[in-house]
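Trainee: I would like to learn how to read the features of a model such as this one. Where do we start?

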Amino acid sequence: MGYILGLRCVLCGEEYNTNQVTYVCPKHGDEGILDVVYDYAAIGRAFSRNDLANKPPNIWRYQTLLPIPDVSIDDTTGALWSVGWTPLYHAERLGRDLGLAHLYVKDDGRNPTASLKDRASAVAVIKAREAGAEVATTASSGNAASALAGMAASTGLPTVIFVPETAPQAKVAQLLIFGARVLLVQGTYDQAFDLCLAASKEYGWYCRNTAYNPYMSEGKKTAAYEICEQLNWRAPDRIFVSVGDGCIIGGLWKGLRDLAALGWIDRMPKLMGVQAAGSAVLVEAWRRGTEEITPIVPQTIADSISVGIPRDRIKALRAVRETGGAYLAVTDEEILDAMRLLARGAGVFAEPAGATAYAGLVQAEHAGQVDSGERVVVLVTGNGLKDVASAIKATGQAQRIAPTMDAVRAAVPKMP
Ligand SMILES: *Cc1c(COP(=O)(O)O)cnc(C)c1O
Ligand SMILES: [Zn+2]
């Protein structure tokens with residue numbers, strides 16, 4: 001923790017000591033999301049890019065740049081150990097279809113619980129342990145919860161989870177098998193969020209809620225570190241990412257700002273935030289040029305980004321505005337198309353919210369917003385096995401046949 005200067009409120013800019021405040025700005029309550037401020041000069045003196053050479057292939061290689069104490073995290077801590085360092089593919093074939101020579105796909109569905117949320121939940125578990133918490137809790141559309149439950153299980157920390165009762169079955173199954181106490185809320189994610197917050201205050205549980213707990217962006221920023229390191233520190237021109245609450249895109253921006261401040265990258269990629277058309281609160285705010293949002297009742301197949309009140313709106317809007325990126329809205333149909341294209345063009349199986357980033361790239365490319373020579377990264381945030389019903393919606397059912405060669409010949413007249 002030696003390198004943290006404090007926690008700065010995104011609304012008023014007031015800075016607090018980390019031992020003064022646990023979650024939000026005391027002046028602004030739950031709206032006053034805090035940003036962790038680092039002493040880059042001190043980090044720069046103590047650590048360089050070259051020091052990464054002998055670090056493990058997971059997020060803990062960046063421990064110097066994370067808000068966690070000097071605890072040892074190794075393979076005896078189970079799945080917590082293997083978070084991050086997910087593959088970044090040069091997706092040549094997929095890129096060719098779009099006229100892009102330098103398209104990269106980072107598959108964060110390859111994390112222990114199959115989504116990017118492991119990056120944040122891993123940090124949450126360490127912070128909960130540091131705080132001496134006996135229980136950790138979160139509200140979630142599903143992935144943050146399965147990540148918290150999985151990471152907590154690897155250290156034996158009990159969890160209480162609030163998810164909307166409509167969460168995909170696989171995500172609920174993950175919670176149950178990891179031993180979480182699961183509360184299926186008969187309401188929206190936004191209602192589950194408020195409920196979890198109230199319960200954490202009443203019971204004194206450690207709360208992982210996105211855009212309430214200031215350390216979640218810090219975990220998520222490691223995806224940006226990896227993208228740049230995997231590209232040999234040549235930062236890409238653009239990163240496409242799906243956006244619900246806005247914590248991931250805010251985290252990516254934080255990671256990129258860290259790297260720029262340390263002089264590890266020499267350019268800032270444009271961040272392209274992609275939302276589902278039925279849940280496009282930030283797209284609307286961005287178009288209107290405001291940081292005020294108008295809450296909606298969201299409606300989209302992409303459950304992980306089905307958010308009516310994006311809690312991390314300020315970081316999310318600034319991430320796009322200050323990097324010169326854009327917000328885009330894609331329809332559920334474009335998301336389902338993107339799931340097929342990604343799977344068939346690069347072998348990457350994404351859940352709807354995971355493929356949303358690619359749907360955004362397709363749209364931006366067709367609108368002439370992306371030059372053919374640009375180096376573009378699509379961040380796939382969650383694995384398709386988390387929601388097989390949507391995958392089958394994207395493809396249609398498989399064909400049934402009688403167990404005979406005649407049936408095969410009838411079904412497949414001539415192939416190839
Ligand atoms: C949580 C999540 C998102 C969106 O992240 P936010 O921080 O809410 O914007 C996108 N895709 C997947 C798969 C997720 O689990
Ligand atoms: Zn404040």
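Mentor: Start with polar contacts: a polar contact is a pair of N or O atoms within 3.5 Å. This is a predicted model, and one such pair joins a nitrogen atom of ligand 1 to an N or O atom in the side chain of serine 242, at 3.4 Å.

Trainee: How far from an oxygen atom of ligand 1 is an N or O atom in the side chain of lysine 117?

Mentor: That separation is 2.7 Å. For glycine 246 the partner is a backbone N or O atom, which lies 2.7 Å from an oxygen atom of ligand 1.

Trainee: How many residues surround ligand 1?

Mentor: There are 16, and the closest are Lys117, Asn143, Gly244, Gly246 and Thr381.

Trainee: Lys117 has come up twice. Which residues of helix H3 are buried?

Mentor: Buried means under 20% relative accessible area. Lys117 is on the list for H3, together with Asp118, Arg119, Ala120, Ser121, Ala122, Val123, Ala124, Val125, Ile126, Lys127 and Ala128. That is 12 of the 14 residues of H3, so the helix is mostly covered. The buried residues of H3 pack against several elements, including strand S5 (102-107), helix H4 (143-153) and helix H9 (247-261).

Trainee: What does the length of H3 look like?

Mentor: H3 covers residues 117-130 and reaches 20 Å from its first C-alpha to its last, close to the 20 Å expected at 1.5 Å a residue. Glycine 132 follows H3, with a positive phi near 75°.

Trainee: Now the metal. Which atoms coordinate the zinc ion (ligand 2)?

Mentor: The donors are SG of Cys9, Cys12 and Cys25, and ND1 of His28, at 2.1 to 2.4 Å. Along the sequence, the donor residues have the spacing C-x2-C-x12-C-x2-H.

Trainee: What geometry does the site of the zinc ion (ligand 2) have?

Mentor: As a general reference, four tetrahedral donors have ideal angles of 109.5 degrees. Here the angles among the 4 donor atoms run from 102 to 115°, and the site is tetrahedral.

Trainee: Is cysteine 25 buried or exposed?

Mentor: Cysteine 25 counts as buried because its relative accessibility is 0%. Histidine 28, at 32%, is partly exposed.

Trainee: One more case: where is asparagine 383 found?

Mentor: Asparagine 383 is in the loop between strand S13 (375-380) and helix H14 (388-395). Its relative accessible area is 15%, so asparagine 383 is buried. Leaving out residues up to four places away in sequence, asparagine 383 touches Gly109, Ala114, Phe349, Ala350 and Glu351.

Conventions:
Residues numbered from 1 in each chain as written. Chains lettered and ligands numbered in written order. Predicted model: local features only at pLDDT ≥ 70, side-chain atom pairs only at ≥ 80, totals over all residues. Heavy atoms only, no water. Donors = N, O, S within 2.8 Å, 3.2 Å for Na, K, Ca; no water. Tetrahedral: all angles 85-135°; square planar, octahedral: opposite > 155°, others 65-115°. Buried < 20%, exposed > 50% of the residue type's maximum accessible area, 1.4 Å probe, protein only. Helix = DSSP H or I, 4+ residues; strand = E, 2+ residues; numbered from the N terminus. Contact = heavy atoms within 4.5 Å. Expected span 1.5 Å × (residues − 1). Near = heavy atom within 4 Å. Polar contact = N/O pair within 3.5 Å; in protein donor to acceptor, adjacent residues only side chain to side chain.
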